[in-house]
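Dear colleague,

I am handing over the structure below, with notes on what was found in it. Please read the notes with the structure open beside them.

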Amino acid sequence: LAQKYDPQKEAELRTWIESVTGQQIGPDFQKGLKDGVILCELMNKLQPNSVRKINRSAQNWHQLENLSNFIKAMASYGMNPVDLFEANDLFESGNLTQVQVSLLALAGMAKTKGMQSGVDIGVKYSEKQQRNFDEAKMKAGQCVIGLQMGTNKCASQSGMTAYGTRRHLYDPKNQILPPMDHSTISLQMGTNKCASQVGMTAPGTRRHIYDAKMGLEKCDNSSMSLQMGSNQGANQSGQVFGLGRQIYDPKYCPQGSPGEVANATCEPGADPPGYHYYREEESC
């Protein structure tokens, strides 16, 4: 905070306070304003009767009271609370930078209120400019599209056809030729620029899995690939080779069934009952 203290601003404040009050501060700026007498006189010049009692005693509590009355007078003069300093900032030299900021803000407030002095110091406060619009003006503003919503400043309808007409992909005005036929595929649908038919057989011929040029051996037709399935977990349990496969199982069929009776009556080599045939006599 001490590094932010500006000696040039101190000289300008010294000249301004002495020209308004008509009193000399002395060589030491802090000691000349420590008792608060000159500051209270300054406030009464800017706003009459803002500090009604000024203590001219050398006691500390009288001087602190003068500084407190000066700070209250600045707040009633219209100063912002953030621009005010505390009494100990000046009395004990705790924060002289804040004291300098407060006095500069007081000079700017005095200039804003029309205080004329021989020293141009302080920044004039901005004034509020309130505008009042009637109801018709407010409703008219609702129909205006602001620039935050976009703009059509550089847009145009150049090259657009009438509404409802067909739009062609080619433009005769720009010397673009029309498409030759409807079978032509444009680049937007894809391209076969880098495609080839290398390795493809003639249409209708058989395509072999092996390649004789690559030295691959031809597979036999009896070998089944894994794509056709696998018999890895299969077995031949219960299968009989060369014998007839019976539809029924005697283990699970009851005794004396019509099927068994029919099979029992028919001996091997005998003709079944009810079956008659004629043999042709051999010729002599």
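For the packing described next, a contact means heavy atoms within 4.5 Å. Please keep in mind throughout that this is a predicted model.

On confidence, the protein averages a pLDDT of 75, and 61% of the residues score at least 70. Over residues 274–278 the pLDDT is below 50, and this stretch has 1 contact in the model beyond near neighbours in sequence. Where pLDDT is low, the predicted coordinates should not be read in detail.

I would begin with helix α3, which spans residues 37–46 and is mostly covered, since 9 of its 10 residues are buried. The buried residues are V37, I38, L39, C40, E41, L42, M43, N44 and L46, and they pack against α1 (7–21), α2 (29–33), α4, α5 and α6.

Next come the charged side chains. Side chains of opposite charge can pair when their charged atoms come close, and a search of the whole structure finds 3 salt bridges.

One of these salt bridges involves α3 itself, where the side chains of R56 and E41 meet with a distance of 3.0 Å from N to O. Because R56 lies in the loop between α3 and α4 while E41 belongs to helix α3, the pair ties together parts that are 15 residues apart in sequence. The two partners are placed differently with respect to the surface: R56 is exposed, with a relative accessible area of 59%, whereas E41 is buried, with a relative accessible area of 19%. The cut-off matters for E41, because buried means under 20% relative accessible area.

Another salt bridge joins the side chains of E10 and R14, at 3.6 Å from N to O. Both residues lie in helix α1, 4 residues apart, which is about one turn of the helix, and both are buried. An α-helix has 3.6 residues a turn, so residues three or four places apart point the same way.

The remaining pair is K139 and E135, whose side chains meet in a salt bridge at 3.5 Å from N to O. K139 and E135 also sit 4 residues apart in one helix, α7 (residues 135–141), again about one turn of the helix, but here both residues are exposed.

Helix α1 holds a further charged residue that deserves a look, namely E18. What is the nearest side chain of opposite charge to E18, and how far away is it? The nearest is R14, at 4.5 Å, and E18 has no salt bridge although it is buried. The cut-off explains this, because a salt bridge needs a side-chain nitrogen of Lys or Arg within 4 Å of a carboxyl oxygen of Asp or Glu. Leaving aside residues up to four places away in sequence, E18 touches Q23, Q24, I25 and G26.

Finally, there are two backbone details to check in the loops. N49, which is not a glycine, has a positive phi near 60°; N49 is in the loop between α3 and α4 (60–76), and at 64% relative accessibility it counts as exposed. S93, which is likewise not a glycine, has a positive phi of about 55°; S93 lies in the loop between α5 (87–91) and α6 (96–112), and is partly exposed, with a relative accessible area of 35%.

With best wishes

Definitions and conventions: Residues are numbered from 1 along each chain as its sequence is written. This is a predicted model: local features need pLDDT of at least 70, side-chain atom pairs count only at pLDDT 80 or more; totals for chains, interfaces and linings use all residues. Side-chain values use heavy atoms; hydrogens and water are left out. Buried means under 20% relative accessible area, exposed over 50%, partly exposed in between (1.4 Å probe, protein chains only). pLDDT is the predictor's confidence in each residue, from 0 to 100. Lys and Arg count as positive and Asp and Glu as negative; His and the chain ends are not counted.
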